[in-house]
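The following exercises invite the reader to examine a protein model step by step. Each task is followed by a worked solution.

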Amino acid sequence: MFVHGSGCHHAAWWQQVAALREEFTVPTVDLRGFGGSDSSMAESDGQDFPGDVVAVLDQEDVHDAMLVGQSIGSVAALRAGLARALKAVASGTTAVVDVLVSR
């Protein structure tokens, strides 16, 4: 699953999806408040994103996945990966430090 960065939405990954979709199922997600997601919740912030990613995985009944995140999406991908014991990759961020320090 690809998780976009701040100021983007799921379509930011169009080239990666095109390159991988013949061999893999390649879901993307709009984080809360971005793209076509529901942003009507009164209080939400980046702390909600990992749980949102896990909720999408649960809703789609995904148990084995690679999570790839960019910018703020990498924090969500890493934290969701830790929560679900999945592989996760961070790109263009200090998310690794953030996740390791807060553990």
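**Exercise 1. Identify the partners of Arg-32 in salt bridges and state how far apart the joined parts are in sequence.**

Step 1. A salt bridge is a side-chain nitrogen of Lys or Arg within 4 Å of a carboxyl oxygen of Asp or Glu. Between Arg-32 and Asp-52 the closest N and O atoms are 2.5 Å apart, which makes the pair a salt bridge. Because Arg-32 belongs to the loop between strand 2 and helix 2 while Asp-52 belongs to helix 2, this pair ties together parts 20 residues apart in sequence. Helices (H or I, at least four residues) and strands (E, at least two) are DSSP runs, numbered from the N terminus.

Step 2. Arg-32 also meets the side chain of Asp-48 in a salt bridge, at 3.6 Å from N to O. Both residues lie in the loop between strand 2 (28-29) and helix 2 (49-59), so the parts tied together here are 16 residues apart in sequence.

Step 3. Arg-32, Asp-48 and Asp-52 are thus linked in a network of salt bridges.

Step 4. The model is predicted: local features need pLDDT of at least 70, side-chain atom pairs count only at pLDDT 80 or more, and totals for chains, interfaces and linings use all residues. Residues are numbered from 1 along each chain as its sequence is written, and side-chain values use heavy atoms, with hydrogens and water left out.

**Exercise 2. Decide whether the members of this network are buried or exposed.**

Step 1. Buried means under 20% relative accessible area, exposed over 50%, and partly exposed in between (1.4 Å probe, protein chains only). Arg-32 has a relative accessible area of 16% and is buried.

Step 2. Asp-52 is buried, as is Arg-32. Asp-48, with 25%, is partly exposed.

**Exercise 3. Find how many salt bridges the protein has, and describe the one that involves Arg-84.**

Step 1. The count comes to three salt bridges.

Step 2. The side chain of Arg-84 meets that of Asp-58 in a salt bridge, with N and O 2.7 Å apart. This pair links distant parts of the chain, since Arg-84 is in helix 3 (residues 72-84) and Asp-58 in helix 2, 26 residues apart.

Step 3. Asp-58 is partly exposed, at a relative accessible area of 46%.

**Exercise 4. Establish the order of elements along the sequence and the arrangement of the strands in the sheet.**

Step 1. The protein has four helices and four strands. Along the sequence they follow the pattern β-α-β-α-β-α-β-α.

Step 2. Two strands pair if DSSP finds at least two bridges between them. Strand 1 (residues 2-3) is joined to strand 3 by two bridges, and these strands run parallel. Phe-2 has Val-68 of strand 3 as its bridge partner.

Step 3. Strand 3 (residues 66-70) also pairs in the parallel sense with strand 4 (residues 87-91), over five bridges. Here Met-66 has Lys-87 as its bridge partner.

Step 4. The result is an open sheet of four strands in the order 2-1-3-4, with parallel pairing. Strand 2 and strand 4 stand at the edges with a single partner strand each, so one side of each has no neighbour in the sheet.

**Exercise 5. Describe the surroundings of Val-17.**

Step 1. Val-17 is found in helix 1. With 16% relative accessibility, Val-17 counts as buried.

Step 2. Contact means heavy atoms within 4.5 Å. Not counting residues up to four places away in sequence, Val-17 touches Phe-2, Val-26 and Thr-28.

**Exercise 6. Examine phi of Asp-61 and of Ser-71.**

Step 1. Most residues other than glycine have a negative phi.

Step 2. Asp-61 has a positive phi, near 60 degrees. The residue lies in the loop between helix 2 and strand 3 and is exposed, with a relative accessible area of 54%.

Step 3. Ser-71 has a positive phi, near 55 degrees. Ser-71 is found in the loop between strand 3 and helix 3 and is partly exposed, at 23%.

**Exercise 7. State which elements have the lowest and the highest mean pLDDT.**

Step 1. pLDDT is the predictor's confidence in each residue, from 0 to 100. The protein averages 81, and 82% of the residues score at least 70.

Step 2. Among the elements, helix 4 (residues 95-102) has the lowest mean, 52, and helix 1 (residues 14-20) the highest, 91.
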